[in-house]
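Visitor: I am new to this one. Please walk me through it, and tell me how each label is earned.

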2 protein chains.
Amino acid sequence: MTDLKQKIIAAVADDVDAIEKALADNLKPHFDLVSDVAGHILFAGGKRLRPLLMVLCARLCGFSGDQVVRFSTIFEYLHAATLLHDDLVDGADLRRGRQVAHQKWDNPTAVLTGDFLLARGLSIAADTGLNEVIRTIARITENMSQGEIRQLERKGDVTLSEDAYVEVIRCKTAVLFQGACRTGALVAGAGTDIVQALTDFGYHLGLAFQMADDLLDYTQDSRSLGKRAGADLREGKMTLPLIHAFSHAPDGQREHMVSILKNPDFTPAEFAEFVDMLHRYGGIAYTRSLAAEHIQTATAALDAFDHGPVREILTDIADYALVRNA
Amino acid sequence: MTDLKQKIIAAVADDVDAIEKALADNLKPHFDLVSDVAGHILFAGGKRLRPLLMVLCARLCGFSGDQVVRFSTIFEYLHAATLLHDDLVDGADLRRGRQVAHQKWDNPTAVLTGDFLLARGLSIAADTGLNEVIRTIARITENMSQGEIRQLERKGDVTLSEDAYVEVIRCKTAVLFQGACRTGALVAGAGTDIVQALTDFGYHLGLAFQMADDLLDYTQDSRSLGKRAGADLREGKMTLPLIHAFSHAPDGQREHMVSILKNPDFTPAEFAEFVDMLHRYGGIAYTRSLAAEHIQTATAALDAFDHGPVREILTDIADYALVRNA
C-alpha cells in the first residue's frame with residue numbers, strides 16, 4: 001500500500017465508520033430481499049468516496065451537524081443504484097471481485113433494487129428540507145441516466161469525439177462528485193462563492209476520477225480491478241485512451257485497433273497488443289496528463305479556503321485519484 | 001362507449017390536451033433515443049388519469065395556476081417509468097396493444113429510459129419548491145419499487161393473504177393516485193383537512209382501480225386489454241380474485257386451480273376453466289364488491305367539498321374505475 005493511501009485511510013477512518021453505520025441504518029426497516037441485494041452491492045468494500053467528500057466539504061465549511069453523515073448516504077445510494085443498473089446494461093459479470101446482482105439474483109431484482117436505492121436517496125434528500133439540495137440531487141439522477149444512455153448509444157462508435165466523451169463522463173460520473181461536494185457546502189449554509197468553489201472541486205475531481213478509472217482497464221490486471229481486464233474494450237466502450245490513440249495512429253494501425261475493438265472474443269495476446277498501441281499512439285499518456293490537469297484545477301479551487309487538516313485531506317484524496325490502482 | 005365514459009371524456013378534453021402538450025414539452029430538450037423510447041410508452045394512448053386527478057384536485061381547491069399542468073406531468077412520468085421497468089420485470093410482450101420497449105429496443109434501453117423518466121419526474125417535483133410535495137414524490141418512488149419487489153418475491157405464492165395483497169397494491173398503485181390527489185391540494189395551498197380528504201380520496205380510488213385492473217385480466221379479451229389475456233395468471237401474479245377463490249374452493253378444486261397457476265403453458269380451455277372457478281368460488285364477485293366499497297369511501301371523502309362540476313367529474317371518474325373495460 002502506498003504511503004498516500006495509508007495516510008488517507010488513517011485520516012478518514014472515523015468518518016468511514018460513521019458512514020458505514022448510516023448506510024446500514026438508513027436501509028432499515030426494509031424487508032429481506034431488498035436488504036440482501038442492496039447489501040450485496042453496498043457492503044462489498046466500496047471506498048465510500050462520494051459520501052466522504054460530502055462530509056469533508058461540509059466540515060471544510062465549518063459544519064459537522066448530526067445529520068451530515070445521514071445526508072451523505074444519498075451519494076452512496078445513488079452510486080449503488082447506478083452500479084446495479086449499469087452492470088445489467090453492460091452485461092458485466094464481476095463487480096468488486098463478486099458476482100454481479102443481476103446474475104446472483106436476476107434482472108428484475110437488480111432493476112427494482114436499483115430503483116429502490118435511487119428512491120431511498122431522494123427520500124433522504126427530501127429530508128434535508130433544502131430546496132437547492134433537492135434540486136441538485138434531482139438533476140444528478142437526470143444527468144446520470146442520460147450519460148448512461150448516451151454511452152450505450154455510442155458503444156462501438158469509433159468516431160466518438162473527445163468532447164462527446166467528456167460529456168458522457170460529466171453526466172455519468174462528474175455530476176455525482178460535484179453534487180456531493182456542493183451539497184456539503186449547501187448543508188453548511190456556505191455563501192455563493194464557497195458553494196461554487198466546492199462545486200468546481202467536485203466537478204474536476206469527478207472528471208479526473210473517471211479518466212483514471214478508464215485508464216485502469218488498460219493498466220491493471222483482473223485481480224486488482226475486481227472485474228475482468230479488458231471489460232471496457234469487450235463492451236466496445238469508447239474511452240479517452242482509445243479516442244486519442246485512434247486519432248493519432250497511422251492509417252493501417254488504426255484499422256487494426258478497430259478490428260480488435262469490434263471483436264469481443266479478442267485473445268489475451270490481442271488485448272496486450274491493443275494496450276501496446278494505446279501506449280504507442282499516446283492514448284495512455286494523454287489521458288493521464290488530462291486527468292492530472294483536472295486534479296490541478298480541482299485543488300486550485302480549494303484556494304478559497306485557508307490551509308488546514310481538512311483541506312489537506314481533500315487535496316490528498318484528489319492526488320490519490322490519479323495514482324490509485326483499483 | 002358507455003354514456004359515463006363519453007361524459008368524462010367531454011368534461012376533461014381540454015385538460016387532457018394541455019397535459020399531452022406538457023408531457024411532450026417537458027421531455028425536451030432531450031436527444032433522440034430517450035425521446036423515442038419515452039415517447040413509445042408515453043404516447044401510446046394512455047388515459048392520463050394520474051395527472052388529470054392532480055389537476056382536478058387542485059381545481060377543486062380553487063386553484064388553477066399556470067404551473068399546475070406542468071407539475072401534473074410528474075405523475076405520468078413516474079407511471080411510465082414504472083411501466084418500462086415492470087414490463088421488463090414481468091417479461092410482458094404487449095402494452096397498450098404495442099410491443100413493449102424492452103423488446104422493441106432492449107433491456108438496457110428500457111431500464112435507462114425508465115431511470116430517466118423517474119429522474120425527470122423528480123426534477124419537476126423539485127421545481128415546485130414545496131417540501132411537502134417533494135417528500136410525497138420521494139416516498140411514492142420508494143413505495144412503488146418496494147411494492148414491485150414484494151410482488152416479485154411472492155410470485156406464485158399461493159399462500160399470499162388478502163392483507164399482503166392489499167399492501168402490494170397500496171405500494172405499487174394506490175400511493176401514486178394518492179400522491180397525485182394530495183399534490184393537487186398541496187399546490188393549491190389547501191388546509192390540513194382538505195389535504196387529508198383528497199389524500200384519502202386518491203388512496204381509496206387507487207386501491208379500487210388496481211382491484212378493477214386485476215379483474216380485467218379475467219373478464220376481458222386480449223383486444224380490449226391491449227395485452228395478452230391471462231397474462232397475470234401466466235406470470236403467477238397472486239391477485240385478489242385468486243386469493244379469495246383459493247380460500248373458498250373445496251380441497252380438490254383448489255389443488256386443480258393451483259396446478260393451472262403453476263403451469264405457464266396452460267391452454268385456452270384451462271384458462272376458461274380457471275376463470276369459471278374464480279366466478280364459482282366468489283373471487284370475481286368479492287373483488288368487485290371490495291372495489292365498490294373503496295370507491296364509496298373515496299367519493300365520501302369528497303363530502304369535504306360543496307357540490308359542483310369539479311366534484312362531479314371526480315365522482316364520475318371514481319365510478320367509472322369500477323365499470324371500465326380497459
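Visitor: Where is the place of A:Ala125?

Guide: This is a predicted model. In it, A:Ala125 sits in helix 6 of chain A, residues 107-128.

Visitor: What makes A:Ala125 buried?

Guide: Its relative accessible area is 1%. The cut-off for buried is under 20%. So A:Ala125 counts as buried.

Visitor: Which residues does A:Ala125 touch, not counting those up to four places away in sequence?

Guide: A:Ala125 touches A:Ile74, A:Ile134 and A:Ile137. A:Arg48 is 77 residues from A:Ala125 along the chain, and their C-alpha atoms are separated by 18 Å.

Visitor: Is B:Asp15 buried or exposed?

Guide: B:Asp15 lies in helix 1 of chain B, residues 3-25. Its relative accessible area is 11%. Buried means under 20%, so B:Asp15 is buried. Leaving aside neighbours within four places in sequence, B:Asp15 is in contact with B:Leu52, B:Val55, B:Leu56 and B:Arg59.

Visitor: How many salt bridges does a search of the whole structure find?

Guide: The search finds 36 over all chains.

Visitor: Why do A:Glu132 and A:Arg182 count as a salt bridge?

Guide: Their side chains meet at 2.8 Å, N to O. The limit is 4 Å, so the pair qualifies. This pair links distant parts of the chain. A:Glu132 is in helix 7 of chain A, residues 131-153, and A:Arg182 is in helix 8 of chain A, residues 162-187. They are 50 residues apart.

Visitor: Why is A:Glu132 called partly exposed, and what makes A:Arg182 buried?

Guide: A:Glu132 has a relative accessible area of 34%. Partly exposed falls between under 20% and over 50%, so A:Glu132 fits there. A:Arg182 is at 18%. That value is under 20%, so A:Arg182 is buried.

Visitor: What makes B:Lys7 and B:Glu312 a salt bridge?

Guide: Their closest N and O atoms are 2.7 Å apart. The pair is within 4 Å, so the label holds. B:Lys7 lies in helix 1 of chain B and B:Glu312 in helix 16, residues 309-323, so the bridge ties together parts 305 residues apart in sequence. B:Lys7 is partly exposed, at 37% relative accessibility. B:Glu312 is partly exposed too, with a relative accessible area of 41%.

Visitor: How do you know that B:Arg48 forms a salt bridge with B:Glu76?

Guide: The closest N and O atoms are 2.9 Å apart. That is within 4 Å, so the rule is met. B:Arg48 lies in the loop between helix 2 and helix 3 of chain B, and B:Glu76 in helix 4 of chain B, so parts 28 residues apart in sequence are tied together.

Visitor: Are B:Arg48 and B:Glu76 buried or exposed?

Guide: B:Arg48 has a relative accessible area of 2%. B:Glu76 has 2%. The cut-off is under 20%, so both are buried.

Visitor: Which residues do salt bridges that share partners join into one network?

Guide: That network holds A:Arg70, A:Asp127, B:Arg135 and B:Arg139.

Visitor: How many residues does the contact take from chain B and chain A?

Guide: It takes 38 residues from chain B and 38 residues from chain A. The area buried between them is about 3,500 Å², and carbon and sulfur atoms give 67% of that.

Visitor: How many salt bridges cross the interface of chain B and chain A?

Guide: The rule finds six. One of them joins B:Arg120 and A:Glu142, with the closest N and O atoms 3.1 Å apart. There are also 14 residue pairs in polar contact across the interface, both residues at pLDDT 80 or more.

Visitor: Which helix of chain B gives the largest share of the side that touches chain A?

Guide: Helix 6 of chain B does, with 15 residues. That side of chain B divides into 17 nonpolar, eleven polar and ten charged residues.

Visitor: Why is the relation of chain B to chain A that of a two-fold axis?

Guide: A rotation of 180° with 0.0 Å of shift along its axis superposes chain B on chain A, with an RMSD of 0.0 Å. That is the relation of a two-fold axis. The same surface serves both copies, as 100% of the contact residues of chain B recur in chain A.

Note on methods:
Residues are numbered from 1 along each chain as its sequence is written. Chains are lettered from A and ligands numbered from 1 in the order in which they are written. This is a predicted model: local features need pLDDT of at least 70, side-chain atom pairs count only at pLDDT 80 or more; totals for chains, interfaces and linings use all residues. Side-chain values use heavy atoms; hydrogens and water are left out. Contact means heavy atoms within 4.5 Å. Buried area is the accessible area (1.4 Å probe) that two parts lose on being put together, summed over both. A polar contact is a pair of N or O atoms within 3.5 Å; within protein, one must be able to donate a hydrogen and the other to accept it, and residues adjacent in sequence count only if both atoms are side-chain atoms. Helices (H or I, at least four residues) and strands (E, at least two) are DSSP runs, numbered from the N terminus. Ala, Val, Leu, Ile, Met, Phe, Trp, Tyr, Cys and Pro count as nonpolar, Asp, Glu, Lys and Arg as charged, and the others, Gly among them, as polar. Copies are superposed by least squares on the C-alpha atoms of residues with pLDDT of at least 70 in both. Buried means under 20% relative accessible area, exposed over 50%, partly exposed in between (1.4 Å probe, protein chains only).
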